[in-house]
Amino acid sequence: MTETESQQSTHDAEADARNDHILIHVNGKLMPKAEAVVSVYDSGFMLGDGMWEGMRLHDGEWAFFDDHMDRLFNSLKAVSLDCGQTPDSIRAILDETAAANGMQTDAHCRLMITRGRKAKPFQHPGLSRSGPTIVAILEHSRPAEGLQARGIRLATVPQVRGLPMSQDAKFNSHSKLNCVIACLQAEQAGADEGLMLDPHGFVNTTNACNFFIVRRGAVWTSTGDYCMNGVTRQKVIDLCRANDIPVFEKNYSLYEAYGADEAFLTGTFGAQTPVAEIDGKPIGDGQGAGPMTRRLRQLYGALIARDVADRKRRRA
């Protein structure tokens, strides 16, 4: 394994020097990257108490913006975090930040909302009395082209996604330690990312993305009970149904995953990223995207184009 291969991840992006000088939105102000900071008393820093969304900018529009806002505001409501914003005002924040950075397309946003600065360094949410912290980081960002040719290497890890009564995996929360541990376990096993099982031992998700396999012309993914219900995940399922591709949300084991014809990951950043191997076993020919993955990438690209065109019409 080379040093370059050992550092591969689904979020690898092409280098872009413009990101050294971006402006970042921090609580209503646009600040240079080196000056964009939050308090060490912030509940997100101190406790992981916050929610976030990742979004892509395509031709001046945020792809599937409504879906991302539905997930964000549902999550905020579930943890009683009033961000004082609406989807429209969030959109205004993102548009202002994009314009300030000269971004029109091939840009990625990480929007973060925490319960805000705490009066004392303790857990109780009532100590966050100064209102929420809202940060939007936008970077010029294109997924590394080599990922489609090489694919990602996964290792099954002992870290699992928990039951809903512990910390529901559907929360896109700042509390990501379980995923970080899974990633570390995968790296220590010589892989790029971790394939996480659910509490019952069925194949679930990776530490960073949703996971799919292809068997005999059918697309399989987990039930969704124990993983982040990703926006891209749902779009792939919808595309399969709309294009007469058999798709199943079901329990399945590593036995079916090892014997898959193809496997791929889904996420807002990388769209559909092929999996080359799992636990050292090649998937398909082990040479990057297979025919189903390539077809779904084409269908997904066309879906984004339609979504962007529709948004432009509505805003005209």
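Let's start with one pair of residues: I24 sits across from M31, which belongs to strand 2. Before I go on, please keep in mind that this is a predicted model.

So where does that pair belong? I24 faces M31 between two strands that run antiparallel: strand 1, residues 23-26, and strand 2, residues 29-32, joined by four bridges. Together these two strands make a hairpin, with two residues between them. Have a look at N27 in the turn, where phi is positive, at about 50 degrees.

Strand 1 has another partner too. It pairs with strand 6, residues 133-140, again in the antiparallel sense, and two bridges hold that pairing. If you'd like a residue to click on, take V26, whose bridge partner in strand 6 is V135.

Now let's zoom out to the sheet. What is the order of its strands? Reading across, it goes 2-1-6-5-3-4, an open sheet of six strands with antiparallel pairing. At the edges are strand 2 and strand 4, residues 61-62, each of which pairs on one side only.

Further along in that order we meet strand 5 and strand 3. Strand 3, residues 50-58, runs antiparallel to strand 5, and eight bridges join them. One position to find here is M55, which stands opposite C109 in strand 5.

C109 brings me to the cysteines. A disulfide is a covalent bond between the sulfur atoms of two cysteines. How many disulfides does the model have? The count is zero. C109 cannot make one because the closest cysteine sulfur, in C83, is 14 Å from its own, too far for a bond. C109 is also buried, because its relative accessibility is 0%. C179 is likewise in no disulfide, and its nearest cysteine sulfur, that of C183, is 9.3 Å away. With a relative accessibility of 5%, C179 counts as buried.

Let's stay with strand 5 for a moment, residues 107-114, because T114 is part of it. Is T114 buried or exposed? It counts as buried, because its relative accessibility is 4%. Its side chain makes a polar contact of 2.9 Å with the side chain of D42. Beyond its neighbours within four places in sequence, T114 is in contact with several other residues, including S43, D49, L81, P132 and H174.

Next, a charged residue that I find fun to look at: E262, in strand 13, residues 262-267. E262 is buried yet has no salt bridge. Which side chain of opposite charge is nearest to E262, and how far away is it? That is R294, at 6.8 Å, and a salt bridge would need the charged atoms within 4 Å. What the side chain of E262 does reach is the backbone nitrogen of M292, at 2.9 Å. Setting aside residues up to four places away in sequence, E262 also touches I213, V214, I283, G290, P291 and T293, along with M292 itself.

My last stop is K281, in strand 15, residues 281-282. K281 counts as partly exposed, because its relative accessibility is 37%. Leaving out its neighbours within four places in sequence, K281 is in contact with Y258 and A276. And if you'd like to trace a distance on screen, K281 and H200 are 81 residues apart along the chain, with 23 Å between their C-alpha atoms.

That's my tour, thanks for listening!

How values were computed: Residues are numbered from 1 along each chain as its sequence is written. This is a predicted model: local features need pLDDT of at least 70, side-chain atom pairs count only at pLDDT 80 or more; totals for chains, interfaces and linings use all residues. Side-chain values use heavy atoms; hydrogens and water are left out. Buried means under 20% relative accessible area, exposed over 50%, partly exposed in between (1.4 Å probe, protein chains only). Lys and Arg count as positive and Asp and Glu as negative; His and the chain ends are not counted. A polar contact is a pair of N or O atoms within 3.5 Å; within protein, one must be able to donate a hydrogen and the other to accept it, and residues adjacent in sequence count only if both atoms are side-chain atoms. Contact means heavy atoms within 4.5 Å. A disulfide is a pair of cysteine sulfur atoms within 2.5 Å. Two strands pair if DSSP finds at least two bridges between them.
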